[in-house]
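Trainee: Hi! Could we go through this model together?
Mentor: Sure, let's have it up on the screen.

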Amino acid sequence: MTYTADHGEVSARSQDATTVEQHTLRGGTIARFTATGSLTGGRFGLYEWHMKPHSGGPSAHFHKTFAESFYVISGAVCLYDGADWTDAGPGDFKYVPEGGIHAFRNDSDQPASMLILFTPGIARETYFRELADIAATGRTLTGDEWAGLFAQHDQYRAQ
């Protein structure tokens, strides 16, 4: 039990859609920080992912300290579970626990959108801001620099 008082309290938090931080990543993907861990008291982080047709995503990877879930809103998203790629459509969901290998991409001719949920609500937006900066500036990183960036944000390439 995380709430022990005998009475409820006024404690809801809101974020207006017009004030949600968003960034453009590689391939034109728009990442919207719908509910960051700072808003949810670290319980979860919820991000909208809007991908253009044929937008690549991250290569196969895993995380050690958080789980990641995907919920497709529109279009078709290819989700990788460490063994197979599957096409996911609106309403499809995939949960990836800590250590689970995963990846995603949009292989279709249409845009696709999904929600990505991180639990607990680690500051994933820091990583996404850095990716957006790399895309915006055209900066190139060496393999070692990418590995360092990934490790700094609990992201490890699957071998």
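Mentor: Let's start with Phe118, which counts as buried because its relative accessibility is 1%, under the 20% cut-off. Keep in mind that this is a predicted model.

Trainee: Okay, so which ring does Phe118 form an edge-to-face pair with?

Mentor: With Phe66. The two ring centres are 5.4 Å apart and the planes meet at 75°, so the pair is edge-to-face; the cut-off for that class is over 60 degrees.

Trainee: And is Phe66 buried or exposed?

Mentor: Buried, with a relative accessible area of 1%.

Trainee: Where do Phe66 and Phe118 sit along the chain?

Mentor: Phe66 is in the loop between β4 (61-62) and β5 (67-74), while Phe118 belongs to strand β10. They are 52 residues apart, so the pair links distant parts of the chain.

Trainee: How many aromatic pairs are there in the whole structure?

Mentor: The search finds 14. Ring pairs also join a number of residues into a cluster, among them Phe66, Phe118, Trp49, Tyr127 and Trp146.

Trainee: Switching to the sheet: what order do its strands come in?

Mentor: The order is β1-β2-β3-β10-β5-β8, six strands in an open sheet with antiparallel pairing. At the edges are β1 (22-24) and β8 (93-96), each of which pairs on one side only. From one strand to the next, the twist averages 20°.

Trainee: Nice. How many bridges are there between β1 and β2?

Mentor: Three, and the two strands run antiparallel, with β2 covering residues 30-35. As an example, Thr24 has Ile30 in β2 as its bridge partner.

Trainee: Now the pocket stuff, my favourite. What volume does the largest pocket have?

Mentor: About 510 Å³. It is lined by 26 residues, and those closest to its centre are Arg26, Gly57, Pro58, Tyr127 and Leu131.

Trainee: Which elements give two or more residues to that lining?

Mentor: They are β10 (112-119), α1 (124-137) and α2 (143-152). The largest share comes from α1, with six residues.

Trainee: And how does the lining split by class?

Mentor: There are 13 nonpolar, nine polar and four charged residues.

Trainee: Does anything tie the pocket back to the rings? Which residue should I look at?

Mentor: Try Tyr127: it is among the residues closest to the centre of the largest pocket, and it is also one of the members of the ring cluster. Strand β10 is another link, since β10 gives residues to the pocket lining, holds Phe118 and sits between β3 and β5 in the sheet order.

Trainee: Great, thanks for the tour!

How values were computed. Residues are numbered from 1 along each chain as its sequence is written. This is a predicted model: local features need pLDDT of at least 70, side-chain atom pairs count only at pLDDT 80 or more; totals for chains, interfaces and linings use all residues. Side-chain values use heavy atoms; hydrogens and water are left out. On a 1 Å grid over the protein atoms alone, a cavity is a set of points where a 1.4 Å probe fits but cannot get out, and a pocket is an open set with protein on both sides within 12 Å along at least five of seven lines; lining residues have an atom within 4 Å of a point. Grid points are joined across faces, edges and corners, and a volume is the space filled by probe spheres set on the points. Helices (H or I, at least four residues) and strands (E, at least two) are DSSP runs, numbered from the N terminus. Ala, Val, Leu, Ile, Met, Phe, Trp, Tyr, Cys and Pro count as nonpolar, Asp, Glu, Lys and Arg as charged, and the others, Gly among them, as polar. Two strands pair if DSSP finds at least two bridges between them. Axes are lines fitted to C-alpha atoms, for helices over the stretch in contact, and angles run from 0 to 180 degrees between N-to-C directions. Rings of Phe, Tyr and Trp (its six-membered ring) pair if their centres lie within 6.5 Å; planes under 30 degrees apart count as stacked, over 60 as edge-to-face and the rest as tilted. Buried means under 20% relative accessible area, exposed over 50%, partly exposed in between (1.4 Å probe, protein chains only).
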